[in-house]
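Work through the following exercises with the structure open beside you. Each one sets a task and is followed by a solution that goes step by step.

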Amino acid sequence: MGRALELAYQAVELDEVPVGAIVIRDHQIIGAASNQRQMLKDPTAHAEMIAITQAAAAIGDWRLENTTLYVTLEPCPMCAGAILQARVPRVVFGASDGKAGAVTSLFQLLSDDRLNHQAEVIAGVQAERCGQILTDFFASKRAMGKK
C-alpha cells in the first residue's frame with residue numbers, strides 16, 4: 001500500500017484526484033498508476049484501470065490470475081467491473097468510498113455470487129492515510145474556489 005500511496009501523492013502534483021493503484025504478481029509490481037483523468041481527458045483513466053491495463057500488458061494475458069491489486073480508495077463500479085473481467089483474485093484497499101464504492105460501501109460487486117468471478121477483499125489497509133490525502137485534496141479545491 002505504501003507504493004500506491006506514493007502514486008496518490010504524485011497525483012496531487014498533477015492536480016488529479018489522489019488515488020494510486022498497483023498490481024503485484026510474484027512479489028513484483030507489474031502495474032502501477034495514479035488517476036489520470038484530467039491529464040488524458042479520459043473518464044476511464046482511473047488508477048485501477050491503468051494499473052490493470054499495464055499488468056495485462058506486462059504478462060501478456062488479460063487474465064490477471066495470481067495477482068493482488070492494491071488501491072488507496074475503494075474501487076468504483078467501473079473499476080470493480082474491470083477487476084472482475086481481469087479475474088483479479090485479491091483486492092486490498094485503503095479508504096472506503098461512501099459515495100461511489102462498489103466493493104463494500106454502496107455495492108458489493110466483488111463478492112456477488114451471481115457473477116462469474118469473485119475476489120477476496122481486504123479493506124481498510126492504511127485507511128486513515130489513504131482517506132486523509134483525499135480529504136486534504138478536496139479541502140484545498142474548495143478553499144481555492146472561495147478565493
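**Exercise 1.** In this predicted model, decide whether Arg3 is buried, partly exposed or exposed, and find the residue whose side chain meets that of Arg3 in a salt bridge.

*Solution.* Step one is to take the relative accessibility of Arg3, which is 31%. Since buried means under 20% and exposed means over 50%, Arg3 counts as partly exposed. Step two is to look for the partner, and here the side chain of Glu6 meets that of Arg3 in a salt bridge, at 3.1 Å from N to O. Glu6 is also partly exposed, with a relative accessible area of 44%. Step three is to place the two along the chain: they are 3 residues apart in helix 1, which covers residues 2-13, and about one helical turn separates them. A general point helps here: an α-helix has 3.6 residues a turn, so residues three or four places apart point the same way.

**Exercise 2.** The structure holds 5 salt bridges; work out which parts of the chain are linked by the pair Asp15 and Lys141, and then which parts are tied together by the pair Arg90 and Glu120.

*Solution.* Begin with Asp15 and Lys141, whose side chains meet at 2.4 Å, N to O. This pair links distant parts of the chain, because Asp15 sits in the loop between helix 1 and strand 1 (20-25) while Lys141 belongs to helix 5 (residues 127-146), 126 residues apart. Asp15 is partly exposed at a relative accessible area of 41%, and Lys141 is partly exposed at 31%.

Turn next to Arg90 and Glu120, which form a salt bridge of 3.0 Å, N to O. Arg90 is in strand 4 (residues 90-95) and Glu120 is in strand 5 (residues 120-123), so the bridge ties together parts that lie 30 residues apart in sequence. As for accessibility, Arg90 is partly exposed with a relative accessible area of 31%, and Glu120 is partly exposed with 41%.

**Exercise 3.** UniProt lists three residues for "binding site" in an unreviewed entry; name them, explain why they can be said to gather at one spot, and describe the surroundings of the two cysteines among them.

*Solution.* First, the residues listed in the UniProt entry are His46, Cys76 and Cys79. Although they span 34 residues in sequence, no two of their C-alpha atoms are more than 9.3 Å apart, and therefore they gather at one spot. Of these residues, His46 and Cys76 are included in the lining of the largest pocket.

Second, consider Cys76, which is placed in the loop between strand 3 (67-73) and helix 4 (77-85). Its relative accessibility of 14% makes Cys76 buried, and, leaving aside neighbours within four places in sequence, Cys76 is in contact with His46, Glu48, Ala100 and Ala102.

Third, consider Cys79, which lies in helix 4 and is buried, with a relative accessible area of 0%. Leaving aside neighbours within four places in sequence, Cys79 is in contact with His46, Glu48 and Met49.

**Exercise 4.** Establish where Glu48 lies, whether Glu48 is buried or exposed, and what the UniProt record says about this residue.

*Solution.* Start from the record: in an unreviewed entry, the UniProt annotation "active site" covers Glu48. In the model, Glu48 lies in helix 3, and at 4% relative accessibility Glu48 counts as buried. Finally, trace the contacts of Glu48, leaving aside neighbours within four places in sequence: they include Val19, Ala21, Leu69, Val71, Leu73 and Pro75, together with Cys76 and Cys79, and these two cysteines are also listed by UniProt for "binding site".

**Exercise 5.** Identify the buried residues of helix 4, and state what covers them.

*Solution.* The buried residues in helix 4 are Cys79, Ala80, Ala82, Ile83 and Leu84. What covers them includes helix 3 (47-59), strand 3 and strand 4. Continuing past the end of this element, one reaches Arg87, which takes a positive phi of about 65 degrees just after helix 4.

**Exercise 6.** Find which residues join Met39 in a nonpolar patch on the surface.

*Solution.* Met39 is found in helix 2 (residues 37-40) and is partly exposed, with a relative accessible area of 47%. Leu14 and Leu40 form the patch together with Met39, and the accessible area of the patch is about 290 Å².

Notes. Residues are numbered from 1 along each chain as its sequence is written. This is a predicted model: local features need pLDDT of at least 70, side-chain atom pairs count only at pLDDT 80 or more; totals for chains, interfaces and linings use all residues. Side-chain values use heavy atoms; hydrogens and water are left out. Patches are made of residues with over 30% relative accessible area and no salt bridge: like charges are joined within 9 Å, nonpolar side chains (Val, Leu, Ile, Met, Phe, Trp, Tyr) within 5 Å. Accessible areas come from the Shrake-Rupley method with a 1.4 Å probe; for residues, only the protein chains shown count as cover. A salt bridge is a side-chain nitrogen of Lys or Arg within 4 Å of a carboxyl oxygen of Asp or Glu. Helices (H or I, at least four residues) and strands (E, at least two) are DSSP runs, numbered from the N terminus. Buried means under 20% relative accessible area, exposed over 50%, partly exposed in between (1.4 Å probe, protein chains only). UniProt positions are given in the numbering used here, feature names are shortened, and annotations may be inferred rather than shown by experiment. On a 1 Å grid over the protein atoms alone, a cavity is a set of points where a 1.4 Å probe fits but cannot get out, and a pocket is an open set with protein on both sides within 12 Å along at least five of seven lines; lining residues have an atom within 4 Å of a point. Contact means heavy atoms within 4.5 Å.
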